[in-house]
Amino acid sequence: MSDMIFDTVLAASAVLLAAAAIAAGARIVRGPSAADRVIALDMLGLLGVAAAGLAALVAGSTAFLDVALGVALVGFLATVAFAGYIARGTIPAGHSGTAAEPEP
Amino acid sequence: MSQWIGAILLLGGSVVCLFAAIGVLRLPDFFMRMHAATKAGVAGSGLVLLGVAVFDGSAATWTKAVLAVVFLLVTTPVAGHLIGRAGYVSGVALWRGTSEDALDGVLPRAGVDDEASTSISGDDANARAP
């Protein structure tokens, strides 16, 4: 495969991942509940894993795969910790008991 | 040849990641969003990592990529289950089209059972905490 197609594939993947990060970030902003924000943060972590994998290809270094593993580990611990706090009521659950958003 | 397979895996994984994020943004209630983030998100990230390994092809890359994929496959269902339970217990609203709540009466739910141990002020909950 020529280098141009290689670069095109990498750029296209990066653009798709960036668009996905924007969508997940919009959900973090909109909420409405704390659990929604945590799950969107988890999604951002998964996108970070994918982006670190892409960076390993771009930089030609396997060190970025260690970064991917670290991001996955930190994202898992963050989600578990937030779940514990939300279930215990230590952090406010956001607006609860009201109707969910209307269907799109 | 392997580079074409790697390219397909990379692009496919990125597209699945984008679908997962659109699901997180667009689906109507928290539990569906959790579903999109944990299932489709892991599938997308795993495909991208496998694509990286196929592209590169070295043993070190394969080891690390497969390790990361296995780690994601093991941990993300656990995280999704925990945050789903936390969301239910904290009283996140269900979608109005939900026909049956199988956890009704099984788990306490803030805002529905007022004497449940998950009041938002957290006083009684904090008293139980170690």
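Trainee: In which helix is the place of A68(A)?

Mentor: This is a predicted model, in which local features need a pLDDT (the predictor's confidence in each residue, from 0 to 100) of at least 70 and side-chain atom pairs count only at pLDDT 80 or more, while totals for chains, interfaces and linings use all residues. Residues are numbered from 1 along each chain as its sequence is written, while chains are lettered from A and ligands numbered from 1 in the order in which they are written. With helices (H or I, at least four residues) and strands (E, at least two) taken as DSSP runs numbered from the N terminus, the place of A68(A) is in helix α3 of chain A.

Trainee: Is A68(A) buried or exposed?

Mentor: A residue is buried if 20 or more other C-beta atoms, placed from the backbone, lie within 10 Å of its own, exposed if 12 or fewer, and partly exposed in between. A68(A) has 29 other C-beta atoms within 10 Å, so this residue is buried.

Trainee: Leaving aside its neighbours within four places in sequence, which residues is A68(A) in contact with?

Mentor: Although A68(A) and V49(A) are 19 residues apart along the chain, their C-alpha atoms are separated by 4.5 Å. With contact meaning C-beta atoms, placed from the backbone, within 7 Å, the partners of A68(A) are V49(A), A52(A), G53(A), L49(B) and A68(B).

Trainee: Which element gives the largest share of the side of chain A that touches chain B?

Mentor: The contact takes 53 residues from chain A and 64 residues from chain B. On the chain A side, the elements that give two or more residues are α1 (3–30), α2 (34–59) and α3 (63–88). Of these residues 15, the largest share, come from α2(A).

Trainee: How are α2(A) and α2(B) oriented to each other, parallel or antiparallel?

Mentor: Two packed helices are described by the angle between their axes and the distance between the axes. Helix α2 of chain B covers residues 30–56, and its axis lies 9 Å from that of α2(A), at an angle of about 5°; axes are lines fitted to C-alpha atoms, for helices over the stretch in contact, and angles run from 0 to 180 degrees between N-to-C directions. Since angles under 35 degrees count as roughly parallel, over 145 as roughly antiparallel, 65 to 115 as roughly perpendicular and the rest as oblique, α2(A) and α2(B) are therefore roughly parallel.

Trainee: Which element gives the largest share of the largest nonpolar core?

Mentor: A nonpolar core is a set of buried Ala, Val, Leu, Ile, Met, Phe, Trp, Tyr and Cys residues joined through C-beta atoms within 7 Å, and the largest one here has 70 residues, with M43(A), L47(A), C17(B), A21(B) and V24(B) having the most contacts inside it. Two or more residues each come from α1, α2 and α3 of chain A, together with α1 (2–26), α2 and α3 (59–89) of chain B. The largest share, 16 residues, is given by α2(A).

Trainee: Where in chain B is confidence lowest?

Mentor: The mean pLDDT of chain B is 82, with 85% of its residues reaching 70 or more. Among its helices, α1(B) has the highest confidence, at 92, whereas the lowest mean, 41, belongs to helix α4 (residues 123–128). Over residues 114–130 of chain B the pLDDT is below 50. Where pLDDT is low, the predicted coordinates should not be read in detail, and in chain B confidence is lowest in helix α4.

Methods. Two residues are in contact if their C-beta atoms, placed from the backbone, lie within 7 Å.
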